[in-house]
Amino acid sequence: MRLSKYFLPTIKENPKEAEIVSHRLMLRAGMIRQASAGIYTWLPMGFKVLKKIEEIVRDEQVRAGAIEVLMPTIQSADLWKQSGRYEDYGKEMLRITDRHDREMLYGPTNEELITDTFKNGIQSYRDLPRNLFHIQWKFRDEIRPRFGIMRGREFLMKDAYSFDLTAEEGRKSYNKMFVSYLRTFERLGLKAIPMAADTGPIGGDLSHEFIILADTGESEVYCHRDLVDFDVPDETLDYDSDLTPIIAKWTAPYAATDEQHDPDRFAREVDEKDRLHARGIEVGHIFFFGSKYSKPLNLTVQDSGGNQVAIESGSYGVGVSRLAGAIIEASHDDNGIIWPKSVSPFDVGLMNLKAGDETTDTACADLYQKLQAAGVDVLYDDTDDRAGAKFSKMDLIGLPWQLIAGPRGLAENEVEIKCRATGERETVSPDDAVNKLKNEFC
RNA sequence: CGGGGCAUGGCGCAGUCUGGUAGCGCACCUGGUUUGGGACCAGGGGGUCGCAAGUUCGAAUCUUGCUGCCCCGACCA
């Protein structure tokens, strides 16, 4: 993409409404614009990041055996009345009346709808287990939206729902999602730590929050230092194998959020040198809640003995849009964003330091063409901005690699490659630059 | 929902106390000089001062009502 033809409205100064780093940087880097409180438009670069995050989340869900569906954003109130949550949810639920005066709502979550959908699609215990997920926009009318995309009212969320015949089987489904989350967050370049969680309004007795560590996180967390560097299962993992050793390993060390924290236990179980007290952001939450929804909504099947039994369920959420902000919170410096390779909107930022100069224009066009041909996604700054402005902007938007070409270097057949994360620069020939970047991404 | 604050050109702000018909920096356009970390000079375009009513000869400024947004708290992916 040539920057001169793109839509990337960056801002030099800090917008006054943005308090936390990710919000500031997302506005400044031209990723999002606020449409109204807690509701945002995703500009091209933000949208690219969002799609990349979504794709990784999807990929790991499918790998773990979940099946994708897409449920609507607008739901009828009927099912919610049946489950009893129409009243429970309170003002957070955005209620809408259609032209026939029917009560509708903009879905804050989908347990009711998926349960009803699933009920109509299965006949017997032989249709179990299943795990259905979708990635859809949701709306919760937060009292006070804040932190930009991190606590918006409208947000993109992946939620999965497991259906099993027995609680024991249900635990297995829960474990699959647990492991799937470990893999998902690792691929997103994050250190996510599962922590035993309160089950909140969704209910149930088994629940973990996945927290990523970031200095600016909204909650305080306490855990054993080892958790930060635990290995995550690779893609050869068989999800149908026994996952309990993995779960056991990850849940053995102490890990708790502020609300669940027990200082005495922490002191007792964790050596002083291993105690980690940090801030974190919740990016995923998994629940096993048994028959809480299947009972009121009559989701039952016949088991092998001919008895009608209520299905055992769990639900598993990932805040996809929140992750865009969370990744920035975990990965930035004073100059701007530092994207992990897997979600960066472009792979390489090519900078023409003197647009209009025939030598640099030709050399840059050549680099651009060769990298594109090699499958590297390049943002080519071909504008006639000054060099300084280009450096600042490129650092701000945080692409992992910068390829810098100016008349001075090109006279010696040299260009520079700069790694955004480390700031290291290397002077190489244009051909070597192409090969090096190709290897980095292909 | 409790407490605090803001609303003036695309962004950041001054002007409001003490009413006299709108200004600064950045951005933008034109020309020139520049050109490796957000340049310089000159010229220029752009604002019903959040909305509504009121007071007044006259309102960005005073009064009343409304709306939007931000920050702290309780609540949440």
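The following paragraphs lead from the overall form of chain A to its domains, its core and its surface near RNA strand B. The structure is a predicted model.

Chain A contains 13 helices and 23 strands. Its C-alpha trace spans about 80 × 60 × 40 Å along the principal axes. Is a chain with these dimensions folded compactly or loosely? A compact globule of 442 residues would have a radius of gyration near 22 Å, and the 24 Å of chain A agrees with this. Buried residues account for 43% of the 442 residues. The fold also brings together parts that lie far apart in the sequence: of the contacts in chain A between residues at least 6 apart in sequence, 73% join residues at least 24 apart.

The domain assignment divides chain A into domain 1 (3–337) and domain 2 (348–441). The centres of the two domains, taken over C-alpha atoms, are separated by 38 Å. Where the domains meet, 9 residues of domain 1 are in contact with 10 residues of domain 2. The side of domain 1 that touches domain 2 consists of 4 nonpolar, 4 polar and 1 charged residues.

The interior may be considered next. In soluble globular proteins, nonpolar side chains tend to be buried together. In this model the largest nonpolar core has 108 residues, and those with the most contacts inside it are Ile53, Ile212, Val348, Leu367 and Leu403. Both domain 1 (3–337) and domain 2 (348–441) give residues to this core, so it lies between them. Ile212 serves as an example of how such a residue is surrounded. Leaving aside residues up to four places away in sequence, Ile212 touches Phe185, Leu190, Lys191, Ala192, Gly280, Ile281, Val283, Ala326 and Ala330.

The last region to examine is the surface near RNA strand B. Which residues come nearest to RNA strand B? Of the 45 residues around the strand, they are Gly319, Ala387, Gly388, Phe391 and Gly406. The elements that each give two or more residues to this surface are strands E13 (275–290) and E16 (312–319), together with helices H9 (320–330), H11 (387–397) and H12 (407–410). Helix H11 gives the most, with 8 residues. Sorted by class, the surface near RNA strand B has 20 charged, 13 polar and 12 nonpolar residues.

Terms used. Residues are numbered from 1 along each chain as its sequence is written. Chains are lettered from A and ligands numbered from 1 in the order in which they are written. This is a predicted model: local features need pLDDT of at least 70, side-chain atom pairs count only at pLDDT 80 or more; totals for chains, interfaces and linings use all residues. A residue is near a molecule or strand if its C-beta atom, placed from the backbone, lies within 6 Å of it. Helices (H or I, at least four residues) and strands (E, at least two) are DSSP runs, numbered from the N terminus. Ala, Val, Leu, Ile, Met, Phe, Trp, Tyr, Cys and Pro count as nonpolar, Asp, Glu, Lys and Arg as charged, and the others, Gly among them, as polar. A nonpolar core is a set of buried Ala, Val, Leu, Ile, Met, Phe, Trp, Tyr and Cys residues joined through C-beta atoms within 7 Å. A residue is buried if 20 or more other C-beta atoms lie within 10 Å of its own, exposed if 12 or fewer, and partly exposed in between; C-beta atoms are placed from the backbone. Domain bounds come from an automatic or database domain assignment. Two residues are in contact if their C-beta atoms, placed from the backbone, lie within 7 Å. The radius of gyration is taken over C-alpha atoms; the globule rule is 2.2 Å times the number of residues to the power 0.38.
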